[in-house]
Amino acid sequence: MKILVLNCGSSSIKYKLYDMTDESVLAQGGAERIGLDEAFVKVTMKDGSKEKIMHDMPSHKEGVKFVLDLLVDPKYGCLKSLDEIDAVGHRIVQGGDLFEKSCIVTPEVEKGIESLIDLAPVHNKGHLAGLRAVDALMPGTPQVTVFDNAFHSTMPPYAYLYAVPYEFYTKWHVRRYGFHGTSHRYVSQRVCEFLGVDIKTQKIITCHIGNGASVAAVKYGKVIDTSMGLTPLAGLMMGSRSGDIDPSAVTYLMQKTGMGPQEMADFLNKQSGVLGITGISSDMREIENADNEGNERAHLALQMYNYRIKKYIGAYAAAMNGVDIIVWTAGVGENQEGVRWDACSGLEYLGVKMDKERNHVRSKEQILSADDSKVKVVMIPTDEEIVIARDTRDLVEAQKK
């Protein structure tokens, strides 16, 4: 079975084509600047190199069509016909409380995703456009939606509700949902396979630390809490997102700056976090370089960044009455040893003992803690796309029976 995985953002489309016989990647790439000037697709070639192809893509329909054209292109693709694609799996950021697991796309599912646009206006619009583009270009091909917040649907009400009038939840679905669910799901399962333990016996804290970042408490295979909220803005300090902030600070700043609600939301999402503190960049590699050169604000940003992660690890250890495994994943978590080291320092009371030599590693499955550490600290490179591909395969096969 060949499965195409699509992740359609507001102006982008990432894609991977899998042969599910051995879960090998046959083709991958990404379209950027959809609906904007100078749109392009960057294709990963068979030798690992990347080639940039300029192409006008006024909408997601043209973007998806060009991706499909590339898949059958003699130079860039690997298919003789699109008929070889058995199903398409989509990442959907916000499933609200309508979708608590992956599902086959139907008109009702599309309507449900559309009804949730207010909760994730940028993301869900792009996802829906991608779904409908495939509907138009590959009619009859099964499609599956895999929701970013679904893994967190096991959170109890006392963890996901906000302390505001209950009718806000019943009327407008205002609650904490959490995101990066496919990543937290993948690494929490994979780390148990890697260590040879049963997930149903383990208390795991998963740290998905990238430009967007979140932490989840996974107790015996089920999420009991996670750091993001109604939107991906809450929780940790991120590349350009503020993370947790006193709501009164937000209204105070709106009064002082004259910003409206959407302007303030954009400010907290795109001009805050590490970028806001340093004034340099949202890229943690650049911040670490600036810190090494003596930049005081870069040093402060790193302290703030790592401290927030440590706080959440401590809070989730308390929520689960202990922790057996701490997992690091995503761009920063997999590649920046200083962040991992600083965030885990001072957690000796929990039984965490890091090994400096083991921690000197980038993006590979490896135990980072010392042999005598009570808590295993492990790096597991994330693979959200394979989760989507597997769910797509399973649901399509089940539908055939």
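**Exercise 1. Is Asp394 buried, partly exposed or exposed, and which salt bridges involve this residue?**

Solution. The model is a predicted one, and the accessibility of Asp394 can be read from it as a first step. Asp394 has a relative accessible area of 38%, and because buried means under 20% and exposed means over 50%, Asp394 is placed in the class of partly exposed residues. The next step is to look at its partner: the side chains of Arg393 and Asp394 meet in a salt bridge, with N and O 3.0 Å apart. The last step widens the view, since Arg393 and Asp394 belong, together with Glu23 and Arg390, to a network of salt bridges.

**Exercise 2. Work out which parts of the chain are tied together by the salt bridge of Arg176 and Asp225.**

Solution. Begin with the contact itself, in which the closest N and O atoms of Arg176 and Asp225 are 3.0 Å apart. Then place each residue: Arg176 lies in the loop between helix 5 (167–172) and helix 6 (181–195), while Asp225 lies in strand 11 (residues 222–226), so the pair ties together parts that are 49 residues apart in sequence. Finally, consider the accessibility of the two partners, where Arg176 counts as buried at 13% and Asp225 is likewise buried, with a relative accessible area of 17%.

**Exercise 3. Repeat the analysis for the salt bridge of Asp391 and Arg185.**

Solution. The side chains of Asp391 and Arg185 meet in a salt bridge with an N to O distance of 2.7 Å. Asp391 lies in helix 15 (residues 384–400) and Arg185 in helix 6, so this pair ties together parts that are 206 residues apart in sequence. As for accessibility, Asp391 counts as buried at 11%, whereas Arg185 is partly exposed, with a relative accessible area of 22%. To set these pairs in context, the count for the structure comes to 17 salt bridges.

**Exercise 4. How many disulfides does the structure hold, and why is Cys192 without a bond?**

Solution. The structure holds zero disulfides. Taking Cys78 as a case to check, the nearest cysteine sulfur is that of Cys8, which is 18 Å away. For Cys192, the closest cysteine sulfur belongs to Cys207 and is 15 Å away, which is too far for a bond, because a disulfide needs two sulfur atoms within 2.5 Å. The surroundings of the two residues can then be compared: Cys78 counts as partly exposed at 30% relative accessibility, whereas Cys192 counts as buried at 3%.

**Exercise 5. Find which residues form the positive, negative and nonpolar patches on the surface, and place one member of each.**

Solution. Start with the positive patch, which is formed by Arg33, Lys42, Lys50 and Lys52, and note that Lys52 lies in strand 5 (residues 50–54). Turn next to the negative patch, in which Asp37, Glu38, Asp56 and Glu62 gather. Glu38 has its place in the loop between strand 3 (24–32) and strand 4 (40–44), and at 61% relative accessibility Glu38 counts as exposed. End with the nonpolar patch of about 260 Å², which is made by Ile245, Tyr252 and Leu253. Here Tyr252 is found in helix 7 (residues 247–257), and with 48% relative accessibility Tyr252 counts as partly exposed.

Conventions: Residues are numbered from 1 along each chain as its sequence is written. This is a predicted model: local features need pLDDT of at least 70, side-chain atom pairs count only at pLDDT 80 or more; totals for chains, interfaces and linings use all residues. Side-chain values use heavy atoms; hydrogens and water are left out. Patches are made of residues with over 30% relative accessible area and no salt bridge: like charges are joined within 9 Å, nonpolar side chains (Val, Leu, Ile, Met, Phe, Trp, Tyr) within 5 Å. Accessible areas come from the Shrake-Rupley method with a 1.4 Å probe; for residues, only the protein chains shown count as cover. A salt bridge is a side-chain nitrogen of Lys or Arg within 4 Å of a carboxyl oxygen of Asp or Glu. Lys and Arg count as positive and Asp and Glu as negative; His and the chain ends are not counted. The place of a charge is taken as NZ of Lys, CZ of Arg, CG of Asp or CD of Glu. Helices (H or I, at least four residues) and strands (E, at least two) are DSSP runs, numbered from the N terminus. Buried means under 20% relative accessible area, exposed over 50%, partly exposed in between (1.4 Å probe, protein chains only).
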